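Trainee: I would like to go through this model with you. May I put some questions?
Mentor: Go ahead, with the structure in view.

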Amino acid sequence: MKKTDTQIQRDGRRMLNRLLSYLKPYRRELAFGIFVLAVLAALDTIFPIMLREGIDRFAETGSLEGIWEYVGIYIALIALSTVFVSLGLKSWARSWGYLLNALRRDLFGKLECLSLDYYDTARSGWIIERFMRDVDIIAFFPTKFVHQRGSCVFRLVFFAVVMLALDWRMGLIIMATIPLILLLIKFFSILMIKRQRETRRQGSDMTAFFSETVTGAKNIKCLNLEDRLTEEFHEQSTQVKKVSMSLIRVNSAYAQAIYFMGCLTMGIVVTLGTSLCLDYSMSVGTLAAFISYATALYNNIVSLSAVGERYQNCKAAMERFFSLLDQPVRVDDTPEVKAQYPDEAAIAHLPKLHGGITFENVHFSYEDGQTVFRGLNLTIRPGETIALVGETGAGKTTLVNLACRFYEPTEGRILLDGQDYRNLPLRYIYKNLGYVLQSPHLFSGSILENIRYGRLDATDEEVKAAARMVYADAFISRLAEGYQTDVGEGGSLLSTGERQLVSFARALLVDPSILVLDEATASVDSETEVLISKATEALIEGRTTFIIAHRLSTARGADRILVVDHGAVVEDGTHEELMAARGYYYRLNLRQYENELLA
Ligand SMILES: Nc1ncnc2c1ncn2[C@@H]1O[C@H](COP(=O)(O)OP(=O)(O)OP(=O)(O)O)[C@@H](O)[C@H]1O
């Protein structure tokens, strides 16, 4: 439903209030900043008066009597201006820095607590744009921008009062041009706003596209998509250029129109002022002061004209920013759980999970997808190794994601050690959980640091012991810098097998009760495969383990194999039992065997 103008205005005000509430701790600083702006505007109002004095007292009379006092006052005014400019700069910069930091901190906090479903659908480029660009735009508006333009408001008021006091006829004529200038500004801002929005939208799409091509660079090369993507990028970039050029044309027409109006106003001031001077009804000094005021007034109005555009920019950025900040966290602790376990200390008292998991009549569907599970019942005993097999899209990952509470059932419940896991704090569940992804993510930094992410207080010796237990020590020792070797962004400087072993060591340090191993589909050499299989055995010892098996051979040693098909567990048993049953699993094995023979 389209919003009415009143609703849009109300939303705008609400967002602005929300933004200003961030600055509450800095309200004294801001009040001082506004005071400084008023003082600077007052000083700027005095300078044309000084000019008038100088011309009328010295130039017109030819006498230099009192010139030193005059120079002294002039220097004092300049010194005062300098001091207040510097005070203003510091005060507004502090508020800006604080606001920028607070907005980034809140957004980062939100991104950290958003559940998986959000990341499944959101584009990373879009999120990065909010974090970098929007936060900058928002923090700039109520601080640095107000600092730049705030004194214009004071100046306009002070100038108007002084001009009317000096000569009301000239004052009124100069002020009569203001509505004309405002009309001109309004006309051009309508033309500009549309083009600016389009430029930003296109720019944002281009950034998101660019970010996806950088993160997916490897796939793009493998799929030979370079030419198609380059073409697509050229199209996007041409569009951006087109809208930018159109904006530049309107901008330039605006600058010319304003310049013309400025010259016209000045012409009127000089003509009228000169005739008043010739009549002796105005001094030359007063005319010079009026020329000064008219020029400054004009510049100030043009400066203020940017407020509307900046506000629209800031409003659009606030809409995107707050929409991200207000994203519902779908998997979160209930208020009762939050009250019962308010902090880490309360969670630390909970005993380690044994790892028993029960699915009771679990139904699940993704937010905008089809139903995956309808009434799934399943009991997993503590310490069991469960291999999940099934065709792609059967629901293996979804089953594990539900067990780990990355998603929650839409109906039914899941029990951990006999308790509905919604009654347990999320952080506690995640503390008891280890997840080794198909292609494990390593963070930029050394191998030592990467393993230590499993338990931040682990000593170097404990880290090395964990690496030894999962057979990662051998390859790490062969590296020139050993444990201090930098793994590169995402671990790109290590091979897939090495990344797996490092992530196994990390998982071992976590010492989880429930472990998920998403088997890597990428092939590794046979020596590494043996190492990984030995490491897996060491890692799963004594833990409830889910192995998402992409190769049936991996499933063979599991205590139980669950065959998942179209969101249901259709077979459940050991390898021998399922082979003897000659059902789905048997056929899957047969098919894989035939494929291997044909290969
Ligand atoms: N985030 C999501 N949003 C909507 N639908 C999803 C999402 N993730 C998975 N699905 C759908 O849910 C179904 C089960 O997917 P799931 O990833 O659990 O299968 P899988 O057996 O693990 O497949 P694979 O072996 O290919 O990883 C599929 O139809 C899939 O398209």
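The questions below go from the core to the helices, the ligand and one residue.

Mentor: Two basics come before the questions. Residues are numbered from 1 along each chain as its sequence is written. The model is predicted, so local features need pLDDT of at least 70 and side-chain atom pairs count only at pLDDT 80 or more, while totals for chains, interfaces and linings use all residues.

Trainee: Which helix gives the largest share of the largest nonpolar core?
Mentor: A nonpolar core is a set of buried Ala, Val, Leu, Ile, Met, Phe, Trp, Tyr and Cys residues joined through C-beta atoms within 7 Å. Buried means 20 or more other C-beta atoms within 10 Å, exposed 12 or fewer, partly exposed in between, with C-beta atoms placed from the backbone. The largest core has 69 residues, with L501 and F504 among those with the most contacts inside it. Its largest share, seven residues, comes from helix α17.

Trainee: Which residues does L501 touch, beyond four places away in sequence?
Mentor: Contact means C-beta atoms, placed from the backbone, within 7 Å. By that rule the partners of L501 are V470, Y471, A472, F475, L531, I532 and A535.

Trainee: How many residues does helix α8 have, and which of them are buried?
Mentor: Helices here are DSSP runs (H or I, at least four residues), and strands are E runs of at least two, numbered from the N terminus. Helix α8 covers residues 226-278 and reaches 76 Å from its first C-alpha to its last. What covers its buried residues includes α6 and α9. The helix has 53 residues, and the buried ones are T265, V269 and G273.

Trainee: Which helix gives the most to the shell around the ligand?
Mentor: A residue counts as near if its C-beta atom, placed from the backbone, lies within 6 Å of the molecule. The ligand is surrounded by residues including D120, Y366, G395, K396, T397 and T398. With three residues, the helix that gives the most is α12, residues 396-403.

Trainee: Is I347 buried, exposed or partly exposed?
Mentor: I347 sits in helix α11, residues 344-348. It touches Y341, P425, R427 and Y428, leaving out residues up to four places away in sequence. Because 15 other C-beta atoms lie within 10 Å, I347 is partly exposed.

Trainee: What separates the C-alpha atoms of I347 and K431?
Mentor: Along the chain, I347 and K431 are 84 residues apart. Between their C-alpha atoms the separation is 9.7 Å.

Methods:
Contact = placed C-beta atoms within 7 Å. Expected span 1.5 Å × (residues − 1).
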